[in-house]
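Okay, hi everyone, thanks for coming. I'll put the structure up on the screen, and then we'll walk through it together.

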Amino acid sequence: MRLDKFLAHQMGISRNLVARELRAGMVTVDGEVVKNGALKVSAENEVAYDGNVMTHVTGPRYFMLNKPQGYVCSTDDPVNPTILYFIDEPVAHKLHAAGRLDIDTTGLVLMTDDGQWSHRITSPKHHCEKTYRVTLAEPVADTTAALFEQGVLLNGEQHPTKPAKLEIITPQDVRLTISEGRYHQVKRMFAAAGNHVDELHRERIGGIVLDDSLAPGEYRPLTDEEIQSVL
C-alpha cells in the first residue's frame with residue numbers, strides 16, 4: 001500500500017493533509033524520515049507519525065459493547081459523546097454500529113468495519129431478531145402480548161409491525177423480541193398499547209447474546225462462532 005494512502009486511512013484525514021505532514025518531516029518508516037507518499041509500505045514496516053507508531057490493521061473486525069446510557073451510536077456527534085469513547089482499538093473511527101441504540105437505551109451494540117456483515121443485521125429482508133428487556137411505567141395489560149403477536153399499527157405508520165413475542169417476567173418487567181428496526185419501535189409499540197417505557201436494554205441480536213461479564217462501557221471481540229452466526 002502507498003504510504004500516503006496508509007496514513008490517510010490510519011489518521012482519518014485527506015491525502016492533501018497527509019502530503020503536508022510528509023513535507024514537514026513528521027513521518028518515519030523504519031526510523032527514517034520519509035517525505036515521498038508514493039513509497040510502498042507493508043505490515044513489516046514500522047510507520048510512525050510524530051514518534052507514535054501506527055498499527056497495521058488487517059482484515060475485518062467485530063466487537064460487542066455493553067452500551068451505557070448517555071452515549072450515541074454514531075461515530076461522530078457534535079453534541080453528545082459517542083460509543084467510540086469506549087473502543088481502544090487502532091483506527092477505531094473506521095468502526096460502525098451494526099444496529100444503533102437510542103442515547104438512553106443500554107445493552108448490546110455490535111461494532112464492525114465489515115459493511116456486508118452489518119447489512120445482514122440491519123437490512124429488513126433478513127429479519128434479524130433483537131431481544132429487549134423492558135421496564136414499564138404501568139403494569140402490562142393482559143391484551144398486550146396478543147396485540148404484539150398479531151402486529152400493532154404505530155402512530156404515523158401505514159403498515160402494522162411484524163409479529164413480536166412478549167414474555168412477561170413481572171407486570172412491569174418484560175422481555176420483547178422483534179424482527180424489525182423501525183424508529184423507536186419498542187417505545188412506540190408500548191405507547192400504542194397504552195403504556196410507557198421507562199428503561200430499555202438490548203440483550204440479543206440474532207444469535208449473539210450480550211456477555212454478562214461485560215460491565216457497562218466494556219467490550220470484547222466476537223468469537224468466530226458469533227461472527228458466523230450472522231452469516
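Before anything else, one term: a residue counts as buried when its relative accessible area is under 20%, as exposed when that value is over 50%, and as partly exposed in between. And please keep in mind that what you see is a predicted model.

Let's try the term out right away. Is Val-91 buried or exposed? Its relative accessible area is 7%, and the cut-off is 20%, so Val-91 is buried. Where does Val-91 sit? You'll find Val-91 in the loop between β5, residues 62–67, and β6, residues 96–97. There's something else about Val-91: its phi is near 50°, which is a positive value in a residue other than glycine. Why point that out? Because most residues other than glycine have a negative phi. Val-91 has company here, too. Asp-50 has a phi near 55°, again positive and again not a glycine, and Asp-50 belongs to the loop between β3 and β4.

Okay, let's zoom out to the whole chain. How many helices and strands does the chain have? We've got 6 helices and 13 strands. The radius of gyration is 22 Å, whereas the globule rule gives 17 Å for 231 residues, so the chain is more spread out than a compact globule. You can get a feel for that from the C-alpha trace, which spans about 70 × 35 × 35 Å along its principal axes.

A few more numbers for the chain. Of the 231 residues, 42% are buried. If you take contacts with a separation of 6 or more, 62% of them join residues 24 or more positions apart. The surface the chain exposes comes to about 12500 Å², with carbon and sulfur atoms supplying 49% of it. As for charges, there are 24 positive and 32 negative ones, and their mean positions lie 8 Å apart.

Now, domains. The domain assignment splits the chain like this: domain 1 is 1–51, domain 2 is 60–122 + 205–227, and domain 3 is 128–203. Between the centres of domain 1 and domain 2, taken over C-alpha atoms, there are 29 Å.

Let's go back to the start of the chain and look at helix α1, residues 3–11. Which residues of α1 are buried? They are Leu-3, Asp-4, Phe-6, Leu-7, Ala-8 and Gln-10. And what covers them? The cover includes α2 (15–23), β1 (27–29), β3 (47–49) and β4 (52–54). Just after α1 comes Gly-12, with a positive phi of about 65°.

Next stop, Ile-103. This one is in the loop between β6 and β7, where β7 is residues 106–112. Ile-103 has 33% relative accessibility, which falls between the 20% and 50% cut-offs, so Ile-103 counts as partly exposed. Leaving out residues up to four places away in sequence, Ile-103 touches Lys-67, Pro-68, Gln-69, Gly-70, Tyr-71, Val-72 and Asn-80. Compare that with Met-189: Ile-103 and Met-189 are 86 residues apart along the chain, and their C-alpha atoms are separated by 18 Å.

Now look at the loop between α3 (115–122) and β8 (130–136), which holds Pro-124 and also Glu-129. Pro-124 has a relative accessible area of 64%, which is over 50%, so Pro-124 is exposed. Glu-129, at 37%, is partly exposed. Sequence neighbours within four places aside, Glu-129 is in contact with Thr-177, Ile-178, Ser-179, Arg-204, Ile-205 and Gly-206.

Here's the bit I'd like you to take home about sequence and space. Glu-129 and Gly-206 are 77 residues apart along the chain, and their C-alpha atoms are separated by 5.0 Å. Pro-124 and Val-41 are 83 residues apart in sequence, and there the C-alpha distance is 41 Å. One last pair: His-119 and Val-174, 55 residues apart along the chain, have C-alpha atoms separated by 28 Å. His-119, by the way, is in helix α3, and its relative accessible area of 42% makes it partly exposed.

Okay, that's the tour. Who wants to start with questions?

How values were computed
Residues numbered from 1 in each chain as written. Predicted model: local features only at pLDDT ≥ 70, side-chain atom pairs only at ≥ 80, totals over all residues. Heavy atoms only, no water. Helix = DSSP H or I, 4+ residues; strand = E, 2+ residues; numbered from the N terminus. Buried < 20%, exposed > 50% of the residue type's maximum accessible area, 1.4 Å probe, protein only. Contact = heavy atoms within 4.5 Å. Rg over C-alpha atoms; globule rule 2.2 N^0.38 Å. Areas by Shrake-Rupley, 256 points an atom, 1.4 Å probe, with all protein chains shown as cover. Lys, Arg positive; Asp, Glu negative; His and termini not counted. Charge placed at Lys NZ, Arg CZ, Asp CG, Glu CD. Domains from an automatic or database assignment.
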